[in-house]
Amino acid sequence: MKALVTLPKNEMFDTFFPKENIEYAESLGEIIWNENDVPMPVEEIKEKIADCDVYVTCWGSPALTKEILDCAPKLKLLTHVAGTVVPFVTDEMWDRGIRVICGNDFFAESVAEGTVAYMLSALRMIPFYSTQLKEKGIWAGGNDPSDSLIYKKVGLISYGAIAKHLVKKLLPFNVELLVYDIVDIPKEDMEKYNFRQASIEEIFSTCDIVSVHTPLNEKTHHLIDDRLLSMMKKGSLFVNTSRGAVVDQQALTKHLVNGDFNAMLDVLEKEPIDKDDVLLTLPNVLLMPHRGGPTINLRQVITKALLLESKEFVDDGKELLAKDEISAERARLMSRS
């Protein structure tokens, strides 16, 4: 295997390629590194990709355009060590039969883990009580409010990679679980993980917790609008770890200002949030700076796994793992960023 790694050698690079991963990569084949501390220029890629089997990308890498592909007659595989591949794939690439793998499934499981953490933090009011104790010395009494995830009625919006991990992680909490999707969910999944498919209206009007996992594209922009948000139960919890623009933030803010329900928001329409945004002042809102994705320590694990899969595909003729391979159809359903 000969691979071109386009990640710039900067602080981010070290999280994907610590010393042991650099050594591991070089044990698998010939590796051409980007020695710059910025994304590799297209002209340099065209020069170095000529004999490569694998094009390794991350955030900021150039897409596989015709200009690059014309200089890469031996290229077989695009290996993206992050999540969505939308910014890196092209019709020309698909037409030439270039295969694609990425860390999306690894990322999805980590987001599912983060979603459970967010639910528990909001329900048990962990940030509130921690702040009260550390900043004001207030020791909460036994009757001060808190809530549990156990036995809650939970609704998930969209049954993609993240939700498929989340339904498993929610099993120990004995929740009543409803899932919305525009396509029929396999019956075996519903039986195995004890949930049923429901309409989006039923989820918003009946669930104690609504958790959004919809990829952002032209069809899902502002999918969650004022009509749906108006259906939420008083005191219920709205969680968004997908993309901010899936939700009409103006409508969401209106309901949160009114105290209609609570929210745990990892993503927003505008990131970073404006310093004078009213969401920063609301007691019924928990905010995170888009940290629901994979934890930093997983990056090197994901990279190592995808490098090995690349080597086995190119050198050993092994088939790519279904969970990692991204087809053109699957890519069209992924978030744009």
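Which residue is the bridge partner of Gly155 in E7? In this predicted model, the partner of Gly155 is Leu178. The pair belongs to one of the sheets of the chain, and the paragraphs below place it in its setting, beginning with the chain as a whole.

The chain contains 14 helices and 12 strands. Its radius of gyration is 22 Å, close to the 20 Å that the globule rule gives for 337 residues, so the chain is as compact as a globular protein of that length. The C-alpha trace spans about 65 × 45 × 35 Å along its principal axes. Of the 337 residues, 50% count as buried. The chain exposes about 16,300 Å², and carbon and sulfur atoms supply 53% of that area. As for the contacts between residues at least 6 apart in sequence, 64% join residues at least 24 apart.

The strands may be taken sheet by sheet. Strands of a sheet pair through backbone hydrogen bonds, in either a parallel or an antiparallel sense. One open sheet is built from 5 strands in the order E2-E1-E3-E4-E5, with parallel pairing. Strand E2 (30–33) and strand E5 (99–102) are the edge strands of this sheet, each pairing on one side only. Neighbouring strands here are turned by 20° against each other on average, direction ignored. Strand E1 (residues 2–5) pairs with E2 in the parallel sense over 4 bridges. Within that pairing, Leu4 has Ile32 of E2 as its bridge partner.

A further open sheet holds 7 strands in the order E8-E7-E6-E9-E10-E11-E12, and its pairing is parallel as well. Strand E8 (195–197) and strand E12 (285–287) stand at its edges with a single partner strand each, so one side of each is left without a neighbour in the sheet. The twist from one strand to the next averages 15°. Helix H6 (residues 104–123) packs on this sheet, where H6 touches E6, E9, E10, E11 and E12. The direction of H6 makes about 150° with that of E10.

Strand E6, which contains Gly155, deserves a closer look. E6 (residues 153–157) is joined to strand E7 (residues 176–180) by 5 bridges, and the two run parallel. Besides the pair named at the outset, Val154 stands opposite Leu177 in E7. E6 also pairs with E9, again in the parallel sense, over 4 bridges. On that side, Val154 stands opposite Ile209 in E9. Val154 thus has a counterpart in E7 and another in E9.

How many of the residues of E6 are buried? The strand is mostly covered, with 5 of its 5 residues buried. In a regular strand the side chains alternate between the two faces of the sheet. Here both faces of E6 are covered: Lys153, Gly155 and Ile157 lie on one side, Val154 and Leu156 on the other, and all are buried. Helix H8 (residues 161–169) lies across E6, E7, E8 and E9 and runs at about 165° to E6. Together, E6, H8 and E7 make a right-handed β-α-β unit.

From E9 the path through the sheet leads to E10. Strand E9 (residues 209–212) and E10 run parallel and are joined by 4 bridges. Ile209 stands opposite Leu237 in E10, while Ile209 also faces Val154 of E6. Strand E10 (residues 237–240) directs Leu237 and Val239 one way and Phe238 and Asn240 the other way, and all of these residues are buried. Another 4 bridges join E10 to strand E11 (residues 262–265), with the two strands running parallel. Across this pairing, Asn240 stands opposite Leu265 in E11. E10, helix H12 (residues 249–257) and E11 make a right-handed β-α-β unit, as do E6, H8 and E7.

A residue outside the strands completes the account. Asn21 has its place in helix H2 (residues 19–28). Is Asn21 buried or exposed? At 3% relative accessibility, Asn21 counts as buried, since the cut-off for buried is under 20%. Leaving aside its neighbours within four places in sequence, Asn21 is in contact with Phe16, Gln300, Thr303 and Lys304.

Conventions:
Residues numbered from 1 in each chain as written. Predicted model: local features only at pLDDT ≥ 70, side-chain atom pairs only at ≥ 80, totals over all residues. Heavy atoms only, no water. Pairing = 2+ DSSP bridges. Axes fitted to C-alpha atoms, helices over the stretch in contact; angles between N-to-C directions. Buried < 20%, exposed > 50% of the residue type's maximum accessible area, 1.4 Å probe, protein only. Right-handed = clockwise from strand over helix to strand, strands pointing away. Rg over C-alpha atoms; globule rule 2.2 N^0.38 Å. Contact = heavy atoms within 4.5 Å. Areas by Shrake-Rupley, 256 points an atom, 1.4 Å probe, with all protein chains shown as cover.
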